Amino acid sequence: MNSSVAEKLRAVYVESRQSLYTYAVSITRQREAAEDAIHRAFQQLLRHDTLPADLRPYVFRCVRNAALDDLRRARVRSDSIFDDAFDPAGGVARQRTFSTAELNQWLNRLSPDERETIVLKTYETFALQEIADLRGVPLPTVASWYRRGLAKLKTMMAHET
Amino acid sequence: MMNDPEQILRTARLAAPSAALEQRIQSTFAEAAQSRRMLRPISVWRWVGWIGATGIAATVIFVATRTITPNPSAAAAPAAIQCEIESRGPLRLLLLEPPAHERTPPCFSVSVSTP
């Protein structure tokens, strides 16, 4: 590991820690496990001698792999990506306010692929092509997960209002 | 009603990573920097070792090559010396058929007259 690797990783961490955390929680659905995954991913990354030029998606992929490793250890998972203390000011609708618990419940009803794609697109501002690269799947697949996830969320939100 | 799910999700405040994660990550970076400082002398010694080993190997190969390759002057077969015995007398007999107790070759001293 050389110093430039550490500096680059530190920069990505500082810039993306919130995004990495949200992404990891969306996968593990457990905050503690998400933090473990991020920590493990950076421990691994710091052992590298070189890093890819496009580092941010690579770091996200490493965190994803670490989070999936954790997910394989079966445990009850229900943690939200949202700030619990922020309730009830979740999503603001014209006529009513959604609680973060509701938003979390709806997100959890999506398939893992749909949830992951929506979190990456909505909160991490990844383009669909970047998500496809990160996941190693074709763009139409990601686009399909995204469209289906949004449609499901829309339906669930409409039923609640 | 605002029915854009993305917009609704964006308005929700996200949970933030804990201070404990920050500390863990910072200590991970610090440990990495520490190990890097310790690894540097090892790396220098590794280079010195490589150069030394290469030098020793080169010397061994050089010496072995020199031992195996025969010296051209030494390797050349000595030219056969042909002697013609002109004597017809007892000396001829002594030279060609020496008595059993005198089988050791006689010693000759050759002196060549130079002009």
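# Exercises on a predicted two-chain model

The buried residues of helix α2 in chain A are R31(A), A33(A), A34(A), E35(A), A37(A), I38(A), A41(A), F42(A) and L45(A). Keep that list handy while you work through this predicted model.

## Exercise 1: Check the length of a helix

Work out what span helix α2 (residues 31-45) of chain A should have, and compare it with the model.

*Solution.*
- Step one: take the 15 residues of α2(A) and the rise of 1.5 Å a residue.
- Step two: the expected span is 1.5 Å times one less than the number of residues, which gives 21 Å for α2(A).
- Step three: look at the end C-alpha atoms of α2(A), which are 21 Å apart, so the two values agree.

## Exercise 2: Set the two chains side by side

Find the helices and strands of each chain, and the share of its residues that is buried.

*Solution.*
- Step one: chain A has seven helices and zero strands, so reading from its N terminus gives α-α-α-α-α-α-α.
- Step two: chain B has four helices, again with zero strands, and its elements run α-α-α-α from the N terminus.
- Step three: turn to burial. In chain A, 40% of the 161 residues are buried. In chain B, 9% of the 115 residues count as buried.
- Step four: add sequence distance for chain A. Among its contacts with a separation of 6 or more, 63% link residues 24 or more positions apart.

## Exercise 3: Ask how confident the model is

Which helix of chain B has the lowest confidence, and which has the highest?

*Solution.*
- Step one: start with the whole chain. Chain B averages a pLDDT of 77, and 71% of its residues score at least 70.
- Step two: go helix by helix. Confidence in chain B is lowest in α3(B) (residues 72-75), with a mean of 59. It is highest in α1(B) (residues 5-11), at 86.
- Step three: for the model as a whole, note an ipTM of 0.75 and a pTM of 0.65.

## Exercise 4: Place the largest nonpolar core

Where does the largest nonpolar core lie, and which of its residues touch the most other members?

*Solution.*
- Step one: pick out the best-connected members. Of the 48 residues in this core, Y23(A), A24(A), A34(A), A37(A), I38(A) and V63(A) touch the most others.
- Step two: see who supplies the core. Helix α1 (residues 3-28) of chain A gives the most, with nine residues.
- Step three: bring in the domains. Domain 1 (1-79) and domain 2 (88-161) of chain A both contribute residues, so the core lies between them.
- Step four: zoom in on Y23(A). Beyond its neighbours within four places in sequence, Y23(A) contacts F60(A), V63(A), V119(A), L120(A) and E124(A).
- A bit of background: nonpolar side chains tend to be buried together in soluble globular proteins.

## Exercise 5: Look around helix α5 of chain A

Is helix α5 (residues 112-122) of chain A largely enclosed or largely open?

*Solution.*
- Step one: go through the buried residues of α5(A), which are E114(A), R115(A), E116(A), T117(A), I118(A), V119(A), L120(A), K121(A) and T122(A).
- Step two: that is nine of the eleven residues, so α5(A) is largely enclosed by the rest of the structure.
- Step three: test R115(A). The cut-off for buried is 20 or more other C-beta atoms within 10 Å, and R115(A) has 22, so it counts as buried. Leaving out neighbours within four places in sequence, its contacts are S26(A), L107(A), L110(A) and G149(A). S26(A) is 89 residues away in sequence, yet the C-alpha atoms of the pair are 7.2 Å apart.
- Step four: test E116(A). It also has 22 C-beta neighbours inside 10 Å, so E116(A) is buried. Beyond four places in sequence, E116(A) touches S26(A) and I27(A).

## Exercise 6: Spot an unusual backbone angle

What is the sign of phi at R29(A), and where does this residue sit?

*Solution.*
- Step one: phi of R29(A) is near 55°, a positive value in a residue other than glycine.
- Step two: most residues other than glycine have a negative phi.
- Step three: find R29(A) in the loop between α1 and α2 of chain A. With 23 other C-beta atoms within 10 Å, R29(A) is buried.

Note on methods: Residues are numbered from 1 along each chain as its sequence is written. Chains are lettered from A and ligands numbered from 1 in the order in which they are written. This is a predicted model: local features need pLDDT of at least 70, side-chain atom pairs count only at pLDDT 80 or more; totals for chains, interfaces and linings use all residues. Helices (H or I, at least four residues) and strands (E, at least two) are DSSP runs, numbered from the N terminus. A residue is buried if 20 or more other C-beta atoms lie within 10 Å of its own, exposed if 12 or fewer, and partly exposed in between; C-beta atoms are placed from the backbone. A nonpolar core is a set of buried Ala, Val, Leu, Ile, Met, Phe, Trp, Tyr and Cys residues joined through C-beta atoms within 7 Å. Domain bounds come from an automatic or database domain assignment. Two residues are in contact if their C-beta atoms, placed from the backbone, lie within 7 Å. pLDDT is the predictor's confidence in each residue, from 0 to 100.
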